[in-house]
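Got the viewer open? Take this as a short walk through the model, one selection at a time.

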Amino acid sequence: MLGLATAIDQMNRGLASVIRWLALIMVLVQFCIVIGRYVFGFNSIAAQESVLYMHATLFMLGAGFTLLVDKHVRVDVFYAKVSDSARRRIDIFGHLFLLIPSMGALLYWSWPSVRNSWKILEGPISVGGIEAVFLLKSLIPAFCILILLQSLSLLVRLFLEGPTDDPIP
């Protein structure tokens, strides 16, 4: 089981090392859009939508890595002040009763929309935009699956390794 957890961690690390470049590309594209619009009077809906696509991809596919390195949003009013064993119990509860069920529900309820979008190869959001909304919608189940897998990995480590100060193996 620890080997599976390590493989999931490596997958999310590898994915993060690739998609992190979208942040730089997104800034450069946005810079070109602004220069094109205000200096040359040129505007492109597709270019503007590409920033939206990159932003969505960066956050949706990077969420598993964020969970792995424990940098997700946490309201730690109590968490920071309790012992390692209490944190472990809170983490286990959070994964089993909050994170996994919510990702399962999101996956279940979003799947019909994603499936239908692929059936019709749903077109652009705006006239002149990128003709691939079906790809954008596909990020939702990908997000759910990556979070579910990373949650499984963290649960395996919580059960097998016990409390630890370092969330990254």
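Start with the crossing of helix 1 and helix 3, which is left-handed. This is a predicted model, so read every distance and angle here as computed from it. To see the pair, select residues 2–19 for helix 1 and residues 45–68 for helix 3. Their axes lie 9 Å apart, and the packing angle is about 140°. Is that parallel, antiparallel, perpendicular or oblique? The cut-off for roughly antiparallel is over 145 degrees, so helix 1 and helix 3 count as oblique to each other.

Now show side chains where the two helices meet. On the helix 1 side, pick D9, N12, R13, L15, A16 and I19. Facing them from helix 3 are T57, L58, L61, G62, G64, F65 and L68. Colour this contact by residue class and you should get seven nonpolar, four polar and two charged residues.

Next stop: D91. You'll find D91 in helix 4. Is D91 buried or exposed? Its relative accessible area is 18%, and since buried means under 20%, D91 counts as buried. Turn on the side chain of Y79 as well: the side chains of D91 and Y79 make a polar contact at 2.8 Å. To fill in the surroundings, add R74 and L158, which D91 also touches once neighbours within four places in sequence are set aside.

Stay on helix 4 and click D84, which sits there too. With 31% relative accessibility, D84 is partly exposed. For a long ruler line, draw a distance from the C-alpha of D84 to that of G36: the two are 48 residues apart along the chain, and the viewer should give you 54 Å.

Last pick: I130. Where does I130 sit? Look in the loop between helix 4 (84–120) and helix 5 (133–161). I130 is partly exposed, at 23% relative accessibility. Try another ruler line here, from the C-alpha of I130 to that of A47: 83 residues separate them along the chain, while the distance is 8.3 Å.

Which residues does I130 touch, beyond those up to four places away in sequence? Select A46, E49, S50 and Y53, then add G123, P124 and I125. A46, E49, S50 and Y53 fall within the 45–68 stretch of helix 3, so this last selection brings you back to one of the helices where the tour began.

Definitions and conventions: Residues are numbered from 1 along each chain as its sequence is written. This is a predicted model: local features need pLDDT of at least 70, side-chain atom pairs count only at pLDDT 80 or more; totals for chains, interfaces and linings use all residues. Side-chain values use heavy atoms; hydrogens and water are left out. Helices (H or I, at least four residues) and strands (E, at least two) are DSSP runs, numbered from the N terminus. Buried means under 20% relative accessible area, exposed over 50%, partly exposed in between (1.4 Å probe, protein chains only). Contact means heavy atoms within 4.5 Å. Axes are lines fitted to C-alpha atoms, for helices over the stretch in contact, and angles run from 0 to 180 degrees between N-to-C directions. Angles under 35 degrees count as roughly parallel, over 145 as roughly antiparallel, 65 to 115 as roughly perpendicular and the rest as oblique. A crossing is left-handed if the near helix is turned anticlockwise from the far one by less than a right angle, and right-handed if clockwise. Ala, Val, Leu, Ile, Met, Phe, Trp, Tyr, Cys and Pro count as nonpolar, Asp, Glu, Lys and Arg as charged, and the others, Gly among them, as polar. A polar contact is a pair of N or O atoms within 3.5 Å; within protein, one must be able to donate a hydrogen and the other to accept it, and residues adjacent in sequence count only if both atoms are side-chain atoms.
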